[in-house]
Amino acid sequence: MTIEERIVRRNQEDIVWIGMALETFYNSDAGTILRAMANTITIEQFTNTEDNVTSADRKLGRAEGLHTLINRIELAIDDMRRLNEEIKEEQKLGG
């Protein structure tokens, strides 16, 4: 099954699998770099005084898009953790 199929299907196993992959990435050097780049791009959107061509709406849209990406990664990790806790609770009650 492809990652795209897992994202679309979104069953419990998929949510946990995607969350684990994202958590590994997010906590790695690559995740740190991604967050730093997103923050830098966001700051540049609002501090670059030489760019008089790009509209404020476009700059705000870029910043919001980056924030949404980081937020969705964090939410996927939270979903995975929540489901793992539910699975552990079910196992305690059932076993």
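This report describes the helix packing and selected residues of a predicted model.

**Helix α2 and its packing on α4**

Helix α2 covers residues 12–26, and helix α4 covers residues 56–94. The axes of these two helices come within 8 Å of each other and cross at roughly 125 degrees. That angle makes α2 oblique to α4, since an angle counts as oblique when it falls outside the ranges for roughly parallel (under 35 degrees), roughly perpendicular (65 to 115) and roughly antiparallel (over 145). The crossing of α2 and α4 is left-handed. On the α2 side, the contact is formed by Q12, I15, V16, G19, M20, L22, E23 and Y26. On the α4 side, the participants are I70, I73, E74, A76, I77, D79, M80, R81, L83, N84 and I87. By character, the residues of this contact comprise twelve nonpolar, three polar and four charged.

Within α2, the buried residues are D14, I15, V16, I18, G19 and Y26. The cover over these buried residues includes α1 (3–9), α3 and α4.

**Helix α3 and its packing on α4**

Helix α3 spans residues 29–47. The axes of α3 and α4 lie 9 Å apart, and the two helices pack at an angle of about 160 degrees. Because angles over 145 degrees count as roughly antiparallel, α3 is placed in that class relative to α4. As α3 passes α4, the crossing is left-handed. The α3 residues L34, R35, A38, I41, T42, Q45 and F46 meet K59, L60, R62, A63, L66, I70 and I73 of α4. This contact consists of nine nonpolar, two polar and three charged residues.

Q45 belongs to helix α3. With a relative accessibility of 12%, Q45 counts as buried, because the cut-off for a buried residue is under 20%. Setting aside neighbours within four places in sequence, Q45 is in contact with K59 and R62. Both partners appear among the α4 residues that α3 meets, and K59 is also one of the buried residues of α4.

**Helix α4 and the helix spans**

The buried residues of α4 are K59, A63, I70, I73, A76, I77, M80 and L83. These residues pack against α2 and α3. Two of them, I70 and I73, take part in the contact with α2 and also in the contact with α3.

The end-to-end lengths of α2 and α4 can be checked against the expected rise of 1.5 Å a residue, as tabulated below.

| Helix | Residues in helix | Expected span | C-alpha end-to-end distance |
|---|---|---|---|
| α2 | 15 residues | 21 Å | 21 Å |
| α4 | 39 residues | 57 Å | 56 Å |

For α2, the distance between the end C-alpha atoms agrees with the expected span. For α4, the distance also agrees with expectation.

**The loop between α1 and α2**

R10 is found in the loop between α1 and α2. Although R10 is not a glycine, its phi is positive, at about 55 degrees. The relative accessible area of R10 is 47%, so this residue is partly exposed.

N11 also has its place in the loop between α1 and α2. With a relative accessible area of 29%, N11 is partly exposed. N11 and I77 are 66 residues apart along the chain, and their C-alpha atoms are separated by 15 Å. I77 is one of the buried residues of α4 and one of the α4 residues in the contact with α2.

**E85 in helix α4**

E85 is found in helix α4. Its relative accessible area of 44% makes E85 partly exposed. E85 and L22 are 63 residues apart in sequence, and the C-alpha to C-alpha distance between them is 18 Å. L22 is among the α2 residues that make the contact with α4.

Methods
Residues are numbered from 1 along each chain as its sequence is written. This is a predicted model: local features need pLDDT of at least 70, side-chain atom pairs count only at pLDDT 80 or more; totals for chains, interfaces and linings use all residues. Side-chain values use heavy atoms; hydrogens and water are left out. Helices (H or I, at least four residues) and strands (E, at least two) are DSSP runs, numbered from the N terminus. Buried means under 20% relative accessible area, exposed over 50%, partly exposed in between (1.4 Å probe, protein chains only). Contact means heavy atoms within 4.5 Å. Axes are lines fitted to C-alpha atoms, for helices over the stretch in contact, and angles run from 0 to 180 degrees between N-to-C directions. A crossing is left-handed if the near helix is turned anticlockwise from the far one by less than a right angle, and right-handed if clockwise. Ala, Val, Leu, Ile, Met, Phe, Trp, Tyr, Cys and Pro count as nonpolar, Asp, Glu, Lys and Arg as charged, and the others, Gly among them, as polar. The expected span of a helix is 1.5 Å times one less than its number of residues.
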